[in-house]
Amino acid sequence: MVDFRMEVQSGTYNWLFVAAIGNEDSISIQNVVGEYKADGDTIPTPISLDWNDSIWVHITANLEDVYIP
């Protein structure tokens, strides 16, 4: 397990995730190794922030499940 922390600026984000990719052409659902979820929730949590807001989110990624074609 690897912990990631990222700053999220203003806007609406339906899904925040960490992906293990080799290049931009290989982005797919199989490459997602961690996603932001609210405490106690089991599905990804959307985030909406006003124009001068920002937050830090914490995502734990499981690199053992990385997709290898």
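Strands, like helices, are DSSP runs, and a strand needs at least two residues. With that in mind, let's walk through this predicted model. Reading from the N terminus, the elements run β-β-β-β-β-β. In other words, the protein has six strands and zero helices.

How do the parts of the chain meet one another? Take the contacts between residues at least 6 apart in sequence: 63% of them join residues at least 24 apart.

Now let's turn to the surface. The protein has 69 residues, and 20% of them count as buried. Its accessible surface comes to about 5200 Å², and carbon and sulfur atoms account for 50% of that area.

One spot to look for on the surface is a nonpolar patch formed by Val2, Phe4 and Leu63. Together, these three residues offer about 210 Å² of accessible area. You can find valine 2 in strand E1, which covers residues 2-8. Valine 2 has a relative accessibility of 30%, so this residue counts as partly exposed.

Next, look for a pair of charged side chains. The structure holds one salt bridge, and the partners are lysine 37 and glutamate 35. Their closest N and O atoms are 3.5 Å apart, which fits the definition because a salt bridge requires these atoms to lie within 4 Å. Are the two partners buried or exposed? Lysine 37 is partly exposed, with a relative accessible area of 32%, and glutamate 35 is partly exposed too, at 27%. Both carry this label because partly exposed covers the range between buried, under 20%, and exposed, over 50%.

Note on methods:
Residues are numbered from 1 along each chain as its sequence is written. This is a predicted model: local features need pLDDT of at least 70, side-chain atom pairs count only at pLDDT 80 or more; totals for chains, interfaces and linings use all residues. Side-chain values use heavy atoms; hydrogens and water are left out. Buried means under 20% relative accessible area, exposed over 50%, partly exposed in between (1.4 Å probe, protein chains only). Patches are made of residues with over 30% relative accessible area and no salt bridge: like charges are joined within 9 Å, nonpolar side chains (Val, Leu, Ile, Met, Phe, Trp, Tyr) within 5 Å. Accessible areas come from the Shrake-Rupley method with a 1.4 Å probe; for residues, only the protein chains shown count as cover. Helices (H or I, at least four residues) and strands (E, at least two) are DSSP runs, numbered from the N terminus. Contact means heavy atoms within 4.5 Å.
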